[in-house]
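Work through the exercises below with the sequence and the model side by side. Try each task before reading its solution.

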Amino acid sequence: MNHVSNTPSDIPASPNVANDNGKRIKKLATKLRRKTGQAIADFNMIEEGDKVMVCLSGGKDSYTMLDMLLHMQKSAPIHFSIIAVNLDQKQPGFPEHVLPNYLENLGVDYAIIEEDTYSIVVDKVPVGKTTCSLCSRLRRGILYTNAIKMGVTKIALGHHRDDMLETLFLNMFHTGRLKSMPPKLTSDDGKNVVIRPLAYCSEQDIADYSIHMGFPIIPCNLCGSQENLQRKQVKLMLEQWNSQFPGRIETMFKALQNVVPSHLADPKVFNFKDLNENNLGETNGDTAFDPLDLSPPKDVNISTLPITRID
């Protein structure tokens, strides 16, 4: 089996990549591989003998994920197989030849599943309404069913760190739940295990890498026509925060990995009823309520920041 890339020193050059950017590309590849490997290790995503379905949509995230896993397949101390799978949803103008040509040139085992979910979505969702939810459910069900038929043990999706944070805020704002995308989960029926190897990778790094590698990107026309999706609004909010306060995205993502149930308010997660002087529950007790240092960075002039009045 051929590989998209082997080591940072032999990444294939793309016509779109200038020679003087070689060092930057190698550094970026190393960073993404390190973060992908760390996520796989932290959550035990891939085990000896696994058959991994790499869901390939034709977007930057899934191309990068395939690239990372192909590299890891060669360098990892365990053996696992990969099958790249694309769901052709029969969207008008979908270039059916792009992915087969790309995968055949790589020598990667692949399957193209043809299901006309586009017509279903167009028929069921009123014009102007968000199609992503229904489209996602249909796609997920088809992939789950085919994974079982193929003997797949892990289903790899290309969601990254920013997707996880956006989902966290979407759930808080619109469903009242403190919930995000987990790096690893099982399907509702327990028959499939889903992994997100890019969980620690930033969207910007993935986008830069995709450009440098010259992946043949296929746009999602069905979703791309909807400019006012709530996810796009949350994405813009996070981008503004990160621009104004560099490092905030990283800090927020760390919060997903440092949950303190005793200092939230869900009695289903923490036993507040039996909490008393003899059962403290949390070793740091009320020290969690000590004042935090929320002063702005030294290089930020607070007088220039926009202030919203709350009456």
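Helices (H or I, at least four residues) and strands (E, at least two) are DSSP runs, numbered from the N terminus. The model is predicted: local features need pLDDT of at least 70, side-chain atom pairs count only at pLDDT 80 or more, and totals for chains, interfaces and linings use all residues. Residues are numbered from 1 along each chain as its sequence is written, and side-chain values use heavy atoms, leaving out hydrogens and water.

**Exercise 1. Take stock of the chain and its confidence.**

Step 1. Count the elements: the chain has ten helices and six strands.
Step 2. Look at burial (buried is under 20% relative accessible area, exposed over 50%, partly exposed in between, with a 1.4 Å probe and protein chains only). Of the 311 residues, 40% are buried.
Step 3. Look at contacts (heavy atoms within 4.5 Å). Among those between residues at least 6 apart in sequence, 74% join residues at least 24 apart.
Step 4. Check pLDDT, the predictor's confidence in each residue, from 0 to 100. The chain averages 84, and 79% of the residues score at least 70. Residues 1–11 fall below 50, yet this stretch has 39 contacts beyond near neighbours in sequence. Residues 299–311 are also below 50, with five such contacts.
Step 5. Apply the caution: where pLDDT is low, the predicted coordinates should not be read in detail.

**Exercise 2. Describe helix H6 and what follows it.**

Step 1. Find H6 at residues 161–174, which makes 14 residues.
Step 2. Compare its length with expectation (1.5 Å times one less than its number of residues). From first C-alpha to last, H6 reaches 20 Å, close to the 20 Å expected.
Step 3. Judge its surroundings. Eleven of the 14 residues are buried, so H6 is largely enclosed by the rest of the structure. Among them are Met164, Leu165, Leu168, Phe169 and Leu170, but also Arg161, Asp162 and Asp163.
Step 4. Name the partners. The buried residues of H6 pack against helices H2 (60–75), H7 (203–213), H9 (230–244) and H10 (248–256).
Step 5. Step past the end. Just after H6, Gly176 has a positive phi of about 70°.

**Exercise 3. How are the rings of Tyr63 and Tyr102 arranged?**

Step 1. Set the rule: rings of Phe, Tyr and Trp (its six-membered ring) pair if their centres lie within 6.5 Å; planes under 30 degrees apart are stacked, over 60 edge-to-face, the rest tilted. The rule gives nine aromatic pairs.
Step 2. Apply it. The centres of Tyr63 and Tyr102 are 5.0 Å apart and the planes lie at 80°, so the pair is edge-to-face.
Step 3. Place the pair. Tyr63 is in H2 and Tyr102 in H3 (residues 98–106), 39 residues apart, so distant parts of the chain are linked.
Step 4. Add the setting. Tyr63 and Tyr102 are both buried. With Tyr209 and Phe215 they form one aromatic cluster.

**Exercise 4. Examine Ser262 and Asp266.**

Step 1. Locate them. Ser262 lies in the segment after H10, and Asp266 is found in the segment after H10 as well.
Step 2. Check accessibility. Ser262 has 12% and counts as buried. Asp266 has 27% and counts as partly exposed.
Step 3. Measure across the chain. The C-alpha atoms of Asp266 and Leu178 are 10.0 Å apart, with their positions 88 residues apart along the chain.
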